[in-house]
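Here is a short report on sheets, strand pairings, one pocket and two backbone outliers. Please read it alongside the coordinates.

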Amino acid sequence: MKVLKFGGTSVGSAKNINNVISILENYSKSDAVICVVSAVGGITDKLLLAGKQAQNKDQAFLETFEDIKERHFEIVKALNPNNNETILKYVEDKLNSLKSLLEGIFLINELSPKTSDKLVSFGELSSSFIIAETMKNRGLSAERKNSQELIVTNANFTKAEVNYTVTNKNIQDYFKSASQKITILPGFISKSAAGEQTTLGRGGSDFTAAIIAAALKVDQLEIWTDVSGMFTTNPKLVKQAYPIDKISYQEAMELSHFGAKVLYPPTVQPVLNLGIPIHIKNTLEPEAVGTIISNDETNSTAPVKGISNISNIALLTLEGSGMVGIPGFSKRLFETLSQEKINIIMITQASSEHSICLGIEEKDAENAKVAIDAVFENEIALNKIEPIIIETGLSIIALVGDNMKNHQGISGKMFSSLGKNNVNVRAIAQGASEKNITAVIAEKDVKKALNTLHEQFFESKTKQLNVFITGVGNVGERLVEQIHQQKKFLKDNLKIKMRVVGLSNSRKMIFAEEGIDLANWKAQLEEGEAATLQGFFEKTKSLNLRNSIFVDVTANKNVADLYAQYLRESIGVVACNKIACSSDFENYKLLKRLSLKYNAPLLFETNVGAGLPIIDTLNNLVASGDKIHSIQAVLSGSLNFVFNNFNDTTKFYDVVKQAGVEGYTEPDPRIDLSGVDVARKILILARESGVEMNLEDIDNKSFLSEAGLKSDTVDDFYETLIADEAHYQSLYASAKASNCQLKYVAKFDQGKASVSLQEIPEGHPFYNLEGSDNIVMFYTQRYPKNPMIIKGAGAGADVTASGLFADIIRIAND
């Protein structure tokens with residue numbers, strides 16, 4: 001004999017009921033089947049709503065009643081289009097009784113627990129009759145047995161307690177003689193010894209099924225719902241969640257206590273006591289494996305079996321020096337809440353006995369505060385304790401697993417991964433059995449926390465990065481293309497799932513929480529919303545995704561000014577924009593401090609040398625204990641291109657123009673040619689070496705003509721290049737006469753830095769530097785004579801984009 005239970009969603013429509021009938025028909029071919037059914041999905045809530053409306057003298061109860069009536073008639077006619085008179089007559093009689101009951105409640109404006117039980121019993125009585133009669137109409141061997149004739153309880157209405165001695169005998173006697181293949185039972189409902197209608201409380205249909213299964217000592221209880229078992233976490237919030245094949249009773253109880261809605265723990269106690277396995281199955285996917293809950297060994301070595309959460313939590317804190325060493329405080333606190341029928345979900349107490357924290361449902365918070373403050377009125381008046389403190393807008397998350405006690409570092413992994421993603425933990429509790437670790441966090445962080453923990457404990461070490469890019473011009477466009485091209489490689493080889501979630505240019509911005517389709521991002525961006533820098537930040541913040549990275553591919557000071565805001569939200573920053581890291585030293589240090597405080601990486605490798613690993617190499621030298629004595633470098637690919645192509649047969653104006661066309665200079669070439677850009681780069685290297693320095697401390701010896709330095713616009717500047725050609729030719733002629741090459745050189749030595757155009761003699765490492773290449777020489781304590789040299793392409797969209805890409809990947813590997 002098999003016992004199956006189908007919940008409200010499983011019988012919530014004619015289509016779903018047909019699935020249920022099909023499942024029962026298949027089962028009945030090999031064994032007798034007992035099927036416990038809930039009310040049609042949503043009907044119990046509507047019945048309670050109608051009762052409340054009637055109690056409050058609200059005529060809307062009639063509209064709610066009509067909804068209930070229409071819903072049932074619709075299902076009956078859909079299931080039985082031709083032979084439905086008997087079913088409709090039964091349902092109509094029940095509806096008439098229901099309407100009379102509601103009118104009575106309306107007249108006396110009272111809804112007692114006893115009346116409430118009569119009211120809600122309509123749902124299961126009707127659904128069970130409809131299903132049983134439909135099966136009969138289809139020629140199946142089926143009968144409905146009213147559970148109220150089997151399950152006997154006390155008169156504790158709305159949550160009656162079962163008399164198991166009488167109930168078990170009734171069940172065993174009935175099924176000993178039952179000849180039908182399929183028996184349909186209404187769940188949730190029962191009767192007292194005096195024959196009054198009662199209900200079994202929350203999860204009552206599961207309770208009914210468990211009572212039947214235990215009384216008949218069946219091999220397994222099957223609970224059919226709308227999900228394929230118990231999941232590793234909430235699949236609505238974590239798309240990577242998957243069903244757990246096997247789980248212990250204790251693990252299932254813990255997960256259910258902390259929010260997994262598949263089971264309500266007290267209701268399955270009858271089968272738990274007898275060690276009868278529970279199989280969770282999906283009515284909509286009958287072939288899915290589901291989850292088996294039992295005491296059998298699961299052969300799983302994974303320490304964590306699932307992650308659960310409860311929303312709408314309030315944290316109550318009772319604290320004060322008068323609690324220390326005084327017995328009875330906890331007793332009085334818990335008794336007070338018990339008398340107010342307030343359920344305590346979580347408890348944690350400081351070892352100093354100075355405070356006790358309790359997690360309760362948010363709806364009970366004010367009632368709890370009034371009651372507790374009244375009980376401790378004297379102690380509060382004497383300043384022995386503080387009035388109860390309430391914090392709302394919270395949620396509980398819990399890691400659950402029988403094997404957690406055998407593994408070290410679980411809590412460390414849990415809290416470090418939450419911390420890295422700016423999820424603040426308000427309270428922590430862990431049972432002595434070590435089967436769960438519980439934390440209270442802000443409600444707004446639940447989705448991020450669940451995804452973070454699921455990635456940490458259940459996914460094959462694949463790290464998801466959520467990237468937000470501002471600036472999709474030349475370099476930004478190449479970066480997006482590189483991410484799109486390498487997406488599969490990153491996932492297969494580096495275990496990185498990279499999603500571009502936000503994109504913005506100066507006009508438009510777009511967001512997609514599951515990742516923008518990079519195959520047609522340009523068209524999407526054109527249709528995006530109007531862009532603002534603050535708006536882009538606010539949207540990035542509100543999405544609140546784990547491992548979020550903001551990428552600045554602009555040269556805009558206003559963008560750089562927002563870095564601190566991103567870092568404070570634990571959003572990493574990757575920048576090729578040099579403005580922030582070459583700004584005032586105090587701001588530079590602030591950004592560094594924020595990066596450390598909020599576990600938010602701040603990477604800016606492309607500030608110096610585009611894609612060359614200059615800053616990374618410097619950081620590694622310093623971190624390993626080396627001391628930087630001096631730095632000599634050619635750091636402008638733009639200027640190197642210009643002076644490698646300028647000679648006595650070319651015009652300086654033409655070469656600068658060509659550098660702009662090929663993307664080596666900024667739209668305003670004065671930024672490159674004035675030496676300010678190079679000064680920013682050597683400043684950044686000096687700071688990363690550990691020296692406190694500002695931009696004005698750098699000696700910038702400009703090679704531009706006086707007119708060029710004073711030009712007000714880009715057009716005016718280009719005019720000066722034409723007019724002052726003789727000035728630039730004289731620079732070239734001087735170098736040529738000395739058999740030297742012109743190079744714009746940055747130097748840092750003895751705490752001082754300078755940038756200037758220099759004549760480099762043959763044989764010097766800078767002499768043969770070609771095209772737009774950069775070169776850096778680090779003279780250090782370990783490299784005093786033969787410097788550490790880094791050389792390569794130092795400008796260009798592709799290499800700069802690849803440098804940004806490398807920084808993003810570096811964050812994933814941290």
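Two strands pair if DSSP finds at least two bridges between them. By that rule S15 and strand S17 (residues 436-442) pair, since 7 bridges join them, and they run antiparallel. Keep in mind that this is a predicted model.

**Strand pairings**

Strands of a sheet pair through backbone hydrogen bonds, either parallel or antiparallel. S15 has a second antiparallel partner to note here: strand S12 (residues 306-319) pairs with S15 over 9 bridges. Residue register can be read from single positions. Leu316 stands opposite Ile390 in S15. On the S17 side, Val400 faces Asn436.

The table gathers the pairings discussed in this report.

| Strand pair | Sense | Bridges | Opposite residues |
|---|---|---|---|
| S1 and S2 | parallel | 5 bridges | Phe6 and Val37 |
| S12 and S15 | antiparallel | 9 bridges | Leu316 and Ile390 |
| S15 and S17 | antiparallel | 7 bridges | Val400 and Asn436 |
| S20 and S21 | antiparallel | 2 bridges | Lys508 and Ala530 |

**The 8-strand sheet**

One open sheet has 8 strands, in the order S3-S5-S2-S1-S8-S10-S11-S9. Its pairing is mixed. Which strands sit at its edges? They are strand S3 (142-144) and strand S9 (246-248), each pairing on one side only. Neighbouring strands of this sheet are turned against each other by 20 degrees on average, direction ignored. Within the order, strand S1 (residues 2-6) runs parallel to strand S2 (residues 33-37). Phe6 stands opposite Val37 in that pair.

**The 7-strand sheet**

A further open sheet holds 7 strands, ordered S21-S20-S19-S18-S22-S23-S24, again with mixed pairing. Strand S21 (529-530) and S24 each have a single partner strand, so one side of each is left without a neighbour in the sheet. The partner that meets S21 is strand S20 (residues 508-511), in the antiparallel sense. There Lys508 is opposite Ala530.

A helix covers part of this set of strands. Helix H15 (residues 474-494) lies across S18, strand S19 (496-504) and S22. H15 runs at about 160 degrees to S19.

**The second largest pocket**

The volume of the second largest pocket is about 960 Å³. Its lining has 37 residues, and the closest to the centre are Lys463, Asn599, Pro601, Ile811 and Asp814. Several elements give two or more residues to the lining, among them strand S18 (463-470), strand S22 (548-552) and strand S24 (602-603). Helices do so too, including helix H13 (410-420), helix H14 (446-457), helix H20 (585-597) and helix H29 (797-813). How do the lining residues divide by type? They comprise 11 nonpolar, 13 polar and 13 charged.

**Two positive phi values**

Most residues other than glycine have a negative phi. Two residues are worth checking against that background.

Phe188 has a positive phi of about 80 degrees. Phe188 is found in the loop between strand S5 (182-186) and strand S6 (189-192). Is this residue, Phe188, buried or exposed? Phe188 has a relative accessible area of 12%, and buried means under 20%, so Phe188 is buried.

Asn383 also has a positive phi, near 60 degrees. Its place is the loop between helix H12 (377-381) and strand S15 (389-400). Asn383 has 64% relative accessibility; the cut-off for exposed is over 50%, so Asn383 counts as exposed.

Notes:
Residues numbered from 1 in each chain as written. Predicted model: local features only at pLDDT ≥ 70, side-chain atom pairs only at ≥ 80, totals over all residues. Heavy atoms only, no water. 1 Å grid on protein atoms, 1.4 Å probe; cavity = no way out; pocket = protein on both sides within 12 Å on 5 of 7 lines; lining within 4 Å. Points joined across faces, edges and corners; volume = space filled by probe spheres on them. Helix = DSSP H or I, 4+ residues; strand = E, 2+ residues; numbered from the N terminus. Nonpolar A, V, L, I, M, F, W, Y, C, P; charged D, E, K, R; others polar. Buried < 20%, exposed > 50% of the residue type's maximum accessible area, 1.4 Å probe, protein only. Axes fitted to C-alpha atoms, helices over the stretch in contact; angles between N-to-C directions. Contact = heavy atoms within 4.5 Å.
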